[in-house]
Amino acid sequence: MAGAMIIALLFLSAGAMLGVRGEDPYLFFTWNVTYGTRSPLGVPQQVILINDQFPGPNINSTSNNNIVINVFNNIDEPFLLTWSGVQQRKNSWQDGVLGTNCPILPGTNFTYHFQVKDQIGSYFYYPTTGMHRAVGGFGGLRINSRLLIPVPYADPEDDYTVVLNDWHTKSPHCSPEAIGWRPLSCKA
């Protein structure tokens with residue numbers, strides 16, 4: 001009986017060593033991108049909302065988390081997000097820059113999947129197509145330290161996300177020149 005018990009324990013421990021593979025935690029988000037009316041300059045104007053929020057929702061994660069964000073584009077233009085400063089782990093094709101990613105066409109969705117590894121700090125996301133960044137669709141992304149990683153300072157009393165942006169009272173559908181943007185002229 002003891003021999004059978006030992007053999008069973010050996011099989012269980014061998015199976016546990018072969019079959020167990022820990023993976024870092026996942027954070028799942030579903031975002032609906034729409035237009036809405038807000039007054040960032042005291043004048044009602046059309047802005048881009050994410051889940052009816054302006055600015056968009058904050059992502060509060062921990063180092064090594066896997067972030068999965070399913071973005072539904074419910075505006076009438078192609079839309080694309082970039083994760084400013086976040087290294088793209090597990091998939092370098094998630095950085096949200098035209099040429100690397102195709103924009104999310106109106107009425108469709110795209111799922112971003114990336115890992116925030118060893119990047120403690122505050123970042124932000126914003127749209128990279130058209131003039132979208134000038135009218136919303138952005139928000140904060142915070143990556144906290146794992147408890148296993150010691151930091152040489154005390155924990156903060158509180159955290160605040162502040163996102164600054166240039167604002168214009170013109171429509172997001174107008175040309176860059178209509179809101180006063182002028183390209184730099186380079187002389188040889």
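A pocket here is an open set of grid points with protein on both sides within 12 Å along at least five of seven lines. With that in hand, here are the views of this predicted model.

**View 1. The overall fold has one helix and eight strands.** Start at the N terminus and the elements run α-β-β-β-β-β-β-β-β. Of the 188 residues in the protein, 30% count as buried.

**View 2. The largest pocket has a volume of about 400 Å³.** Its lining takes in 16 residues. Look for Asn 144, Ser 145, Tyr 153, Asp 155 and Pro 156, which lie nearest the centre of this pocket. As for chemistry, the lining splits into seven nonpolar, five charged and four polar residues.

**View 3. Strands E7 and E8 help build the lining of the largest pocket.** E7 covers 121–127 and E8 covers 139–144, and each of them puts at least two residues into the lining. The largest share comes from E8, with three residues.

**View 4. Ile 120, Val 151 and Tyr 153 make a nonpolar patch on the surface.** Together the three have about 280 Å² of accessible area. Tyr 153 turns up here as well as among the residues nearest the centre of the largest pocket.

**View 5. Val 151, a member of the nonpolar patch, sits in the segment after E8.** Its relative accessible area is 31%, so Val 151 is partly exposed. Patch residues need over 30% relative accessible area, so Val 151, at 31%, meets that cut-off.

Conventions: Residues numbered from 1 in each chain as written. Predicted model: local features only at pLDDT ≥ 70, side-chain atom pairs only at ≥ 80, totals over all residues. Heavy atoms only, no water. 1 Å grid on protein atoms, 1.4 Å probe; cavity = no way out; pocket = protein on both sides within 12 Å on 5 of 7 lines; lining within 4 Å. Points joined across faces, edges and corners; volume = space filled by probe spheres on them. Helix = DSSP H or I, 4+ residues; strand = E, 2+ residues; numbered from the N terminus. Nonpolar A, V, L, I, M, F, W, Y, C, P; charged D, E, K, R; others polar. Patch = residues over 30% accessible without salt bridge, like charges linked within 9 Å, V, L, I, M, F, W, Y side chains within 5 Å. Areas by Shrake-Rupley, 256 points an atom, 1.4 Å probe, with all protein chains shown as cover. Salt bridge = Lys/Arg side-chain N within 4 Å of Asp/Glu carboxyl O. Buried < 20%, exposed > 50% of the residue type's maximum accessible area, 1.4 Å probe, protein only.
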